[in-house]
Amino acid sequence: MNILIVEDEPRLAELISKTLRREFFHTTVCNDGDCGYDEAASGAYDVIVLDRLLPGMDGMSLLRELRRNRVDTPVLILTALGDVPDRIYGLRAGADDYLGKPFAFEELVARVRALSRRSGGMVVGDLQRFGQIEIDLARHVVTRDDHPVELSPREFALLETLVRHKGQVLSRDQLLRRVWGPDSDPTGNVVDLYIHYLRKKLEPEPSGAPSLIRTVRGYGYSLG
């Protein structure tokens with residue numbers, strides 16, 4: 001499951017991200033409202049964890065704009081403004097849940113899981129098969145013809161992102177944010193290079209059949 005975290009406190013954002021990754025969620029972090037909106041508007045996430053007070057576009061404006069544009073991804077608001085009128089205001093703006101700061105990380109995980117079930121984010125199983133290739137997302141194991149395929153952590157993260165969104169075209173910028181992080185500054189055509197690595201390991205012998213990872217010229221890549 002893909003979780004977008006929009007939180008302007010870098011330390012808290014990293015703690016939330018690490019906590020969710022330990023529970024086998026895939027996370028992307030944005031530290032301002034403008035980045036958060038661009039990511040959220042893609043519709044590529046199962047749940048959005050949204051701070052209310054953000055630089056740039058504030059959380060409530062971000063949320064209202066998403067709903068106005070028919071982006072219905074479940075949103076969990078995190079905020080120090082936890083009084084009843086504040087919670088009602090957030091829910092009326094289109095939030096699905098509200099968690100006041102400070103909070104217990106166990107409760108955060110439970111609420112994210114509940115929202116992901118509501119969104120259908122758990123429909124994608126942990127074990128995926130594509131012809132001769134089997135991908136176990138929970139155990140981080142890939143096999144081809146029942147033989148293990150050795151992938152680096154970055155290669156697996158890229159493959160997992162494509163699997164989680166199979167059938168959907170992801171741009172190079174989206175893949176950069178999800179796999180390398182919003183604050184990274186990779187050089188050159190790093191996404192294309194890692195796609196090449198994956199194809200070489202997953203499909204080492206040309207078969208004449210379409211590649212598992214499809215190139216959409218001028219935009220990005222899709223799996224399946």
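## Aromatic pairs and the ring cluster

Ring pairs join Trp180, Tyr194 and Tyr197 into a cluster. The model in which this cluster appears is a predicted one, and the structure holds 3 aromatic pairs. In one of these, phenylalanine 103 and phenylalanine 105 meet edge-to-face, with 5.4 Å from centre to centre and 70 degrees between the planes. Phenylalanine 103 counts as buried at 15% relative accessibility, whereas phenylalanine 105, with a relative accessible area of 26%, is partly exposed.

Within the cluster, the ring centres of tyrosine 194 and tyrosine 197 are 5.2 Å apart and their planes stand at 70 degrees, so this pair is edge-to-face. Both tyrosines belong to helix 8, which covers residues 190-202, and they lie 3 residues apart, about one turn of the helix. Tyrosine 197 has a relative accessibility of 31% and counts as partly exposed.

## Helix 6 against helix 8

The helix that carries these two tyrosines also packs against another one: the axes of helix 6 (residues 153-164) and helix 8 come within 10 Å and cross at roughly 90 degrees. Because angles of 65 to 115 degrees count as roughly perpendicular, helix 6 and helix 8 are roughly perpendicular to each other. On the side of helix 6, the contact is made by Arg154, Glu155, Leu158, Leu159 and Leu162. Helix 8 contributes Tyr194, Ile195, Tyr197, Leu198, Lys201 and Leu202, so that Tyr194 and Tyr197 take part in this helix contact as well as in the ring cluster with Trp180.

## Strands 7, 8 and 9

Strand 8 (residues 141-144) has an antiparallel pairing with strand 7 (residues 133-136) over 4 bridges, and it also pairs in the antiparallel sense with strand 9 (residues 147-148), in that case over 2 bridges. Among the bridge partners, aspartate 136 is matched with valine 141 of strand 8, while threonine 143 is matched with proline 148 of strand 9.

Both pairings are hairpins. The hairpin of strand 7 and strand 8 has 4 residues between the strands, and histidine 140 takes a positive phi near 55 degrees there. The hairpin of strand 8 and strand 9 has 2 residues between its strands, and aspartate 145 in the turn has a positive phi of about 55 degrees.

## The disulfide

The count of disulfides comes to 1, and this link joins cysteine 30 to cysteine 35, with a distance from S to S of 2.1 Å. Because a disulfide is defined as a pair of cysteine sulfur atoms within 2.5 Å, the distance of 2.1 Å between these two sulfurs meets the rule. The link of cysteine 30 and cysteine 35 is left-handed, with -50 degrees about the S-S bond.

How accessible are the two cysteines, cysteine 30 and cysteine 35? Cysteine 30 is buried, with a relative accessible area of 0%, and cysteine 35, at 11% relative accessibility, counts as buried too. Both values fall in the buried class because that class takes in residues under 20% relative accessible area.

## Arginine 87 and tyrosine 98

Arginine 87 is found in helix 4, which spans residues 84-92. With a relative accessible area of 33%, arginine 87 is partly exposed. Along the chain, arginine 87 and tyrosine 98 are 11 residues apart, and in the model their C-alpha atoms are separated by 6.5 Å.

Terms used. Residues numbered from 1 in each chain as written. Predicted model: local features only at pLDDT ≥ 70, side-chain atom pairs only at ≥ 80, totals over all residues. Heavy atoms only, no water. Buried < 20%, exposed > 50% of the residue type's maximum accessible area, 1.4 Å probe, protein only. Pairing = 2+ DSSP bridges. Phe/Tyr/Trp six-rings, centres within 6.5 Å; stacked < 30°, edge-to-face > 60°. Axes fitted to C-alpha atoms, helices over the stretch in contact; angles between N-to-C directions. Parallel < 35°, antiparallel > 145°, perpendicular 65-115°, else oblique. Contact = heavy atoms within 4.5 Å.
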